[in-house]
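Please open the structure in your viewer and keep the selection tool at hand. The stops below say what to select and what is to be found there.

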Amino acid sequence: MSSARRPLVRSSVALALAAGAIVLTDPQAVAEPVDTGKGGSTDQSGGSDGTGIYAAARITYSGSVAANGSKGNVTSADVNWNPPPCWYAPYLGAKDFKKKMSQDIESQMGAPGMGGHAGAALSELKRHYEDEYGWTDTPGYKDYNVDKDGEGMFWAAVENPDEPDVLKRSSCNDLPFWVDNGEAPPPQYEQAITPEILAALAYQHMQLPDAEVSLAPEQTTKVNVPTWAWLDKAVFDEVQATAAINVPGFNLQATTTARPVSLTLEPGTDDAVTYPASGECVINNDDSIGEPYAKGKANRIPPCGITYLRSSGNGTYNLQATITWDISWTGTGGAGGDLPDGTFGNGQAVTVQEIQSVNR
């Protein structure tokens with residue numbers, strides 16, 4: 001089949017999508033509640049019935065992840081970085097794929113008004129899986145590869161439900177393709193699931209712990225009086241989230257690790273001075289940030305803190321304390337690397353009062 005004929009097949013993909021046959025729209029298993037990075041697990045359905053693999057591969061998340069498979073609270077410091085909008089993953093064994101795909105094709109072909117270009121596209125789709133009809137880089141299959149049932153799986157596109165752009169989310173639009181157990185997907189499928197993609201998805205679902213900054217004075221401070229800010233080293237345990245696919249013949253996983261590196265203070269008003277001037281307090285050698293206030297330090301400038309220059313009146317200032325986390329990952333086969341830094345912040349209400357003096 002020539003490349004000029006490829007759009008016809010792609011139109012058949014759109015029809016099959018309408019029938020729900022190809023794209024796995026629910027790739028995520030339900031995640032356990034957040035366990036603050038100390039480990040966790042999720043269950044995954046699937047297995048084999050003796051005649052072949054029947055499970056659809058679902059990504060499972062464990063560790064410090066958001067509940068119910070939802071998006072986590074970490075924000076990438078790189079505004080140009082995003083998790084993958086879609087990918088290809090193991091779907092069904094040959095016999096089950098034949099049952100599902102053939103039923104959907106027949107249903108579509110029997111629909112009222114299904115003729116012309118759309119009908120021809122469906123016919124080509126049927127021939128592709130039944131009669132070895134293929135093209136240059138995409139071979140066809142004989143009877144849905146049922147003679148190899150149990151020896152591999154058909155892979156299909158998965159949409160990332162947290163991707164807001166529908167065009168990006170649906171950009172993995174190749175037909176389902178066969179991969180033998182233990183083999184890598186054909187190289188033309190650049191968006192086939194990899195440990196790095198799993199690491200990015202673990203990052204997307206990671207839940208960082210709340211970290212309220214200790215302040216002195218606490219909650220209420222005075223104009224022109226330094227407010228000390230610090231975080232104890234106990235707050236700064238590293239956080240890990242793991243994403244995995246585990247089906248017969250195919251297992252991948254990646255663990256994304258977040259390590260805190262700095263705290264940034266934003267006073268909530270321009271009428272303030274931060275220490276240091278940049279507002280970024282770096283982590284100390286003992287993994288703490290800043291320095292706790294103690295008696296005798298009243299006349300010192302804090303290594304991490306704020307001096308407010310104006311009263312908050314009858315209200316409060318919203319002090320934003322944002323922790324920056326260094327993000328790295330490791331995965332199956334010794335793969336690993338770095339991902340963009342992540343940030344997560346909390347707001348704290350601070351009351352600033354004028355210093356009252358008494359004239360005698």
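Which residues of helix 3 are buried? Select helix 3, and the buried residues that appear are G119, A121, L122, E124, L125, H128 and Y129, where buried means under 20% relative accessible area, exposed over 50% and partly exposed in between, with a 1.4 Å probe and protein chains only. Before going further, note that this is a predicted model, in which local features need pLDDT of at least 70 and side-chain atom pairs count only at pLDDT 80 or more, while totals for chains, interfaces and linings use all residues. Residues are numbered from 1 along each chain as its sequence is written, and side-chain values use heavy atoms, with hydrogens and water left out.

**Helix 3**

Helices (H or I, at least four residues) and strands (E, at least two) are DSSP runs, numbered from the N terminus. Helix 3 covers residues 116-130, and because its 15 residues at 1.5 Å a residue should span 21 Å, the 21 Å between its end C-alpha atoms agrees; the expected span is 1.5 Å times one less than the number of residues. Now select E132, which follows helix 3 and has a positive phi, near 60°.

**The open sheet**

Next, select strands 3, 4 and 5, which form an open sheet in the order 3-4-5 with antiparallel pairing, two strands being paired if DSSP finds at least two bridges between them. Strand 3 (86-92) and strand 5 (177-180) stand at the edges with a single partner strand each, so one side of each is left without a neighbour in the sheet. From one strand to the next the twist averages 45°, where axes are lines fitted to C-alpha atoms, for helices over the stretch in contact, and angles run from 0 to 180 degrees between N-to-C directions.

Strand 3 and strand 4 (residues 152-159) are joined by 6 bridges in the antiparallel sense, and if you pick Y88, its bridge partner in strand 4 is A157. Y91 also lies in strand 3, where it counts as buried at 6% relative accessibility. Between the C-alpha atoms of Y91 and V158, which are 67 residues apart along the chain, the separation is 9.3 Å.

**The disulfides**

How many disulfides does a search of the whole structure find? The search finds 2, a disulfide being a pair of cysteine sulfur atoms within 2.5 Å. Select C86 and C172, whose sulfur atoms are 2.1 Å apart, and whose link is right-handed, with 80° about the S-S bond. This pair links distant parts of the chain, 86 residues apart, with C86 in strand 3 and C172 in the loop between helix 4 (166-169) and strand 5. C86 counts as buried at 2% relative accessibility, and C172 counts as buried at 4%.

Then move to C281 and C304, joined by a disulfide with 2.2 Å from S to S. C281 lies in strand 12 (residues 280-282) and C304 in the loop between strand 13 (289-290) and strand 14 (305-308), so the pair ties together parts that are 23 residues apart in sequence. Both C281 and C304 are buried, and their link is right-handed, with 90° about the S-S bond.
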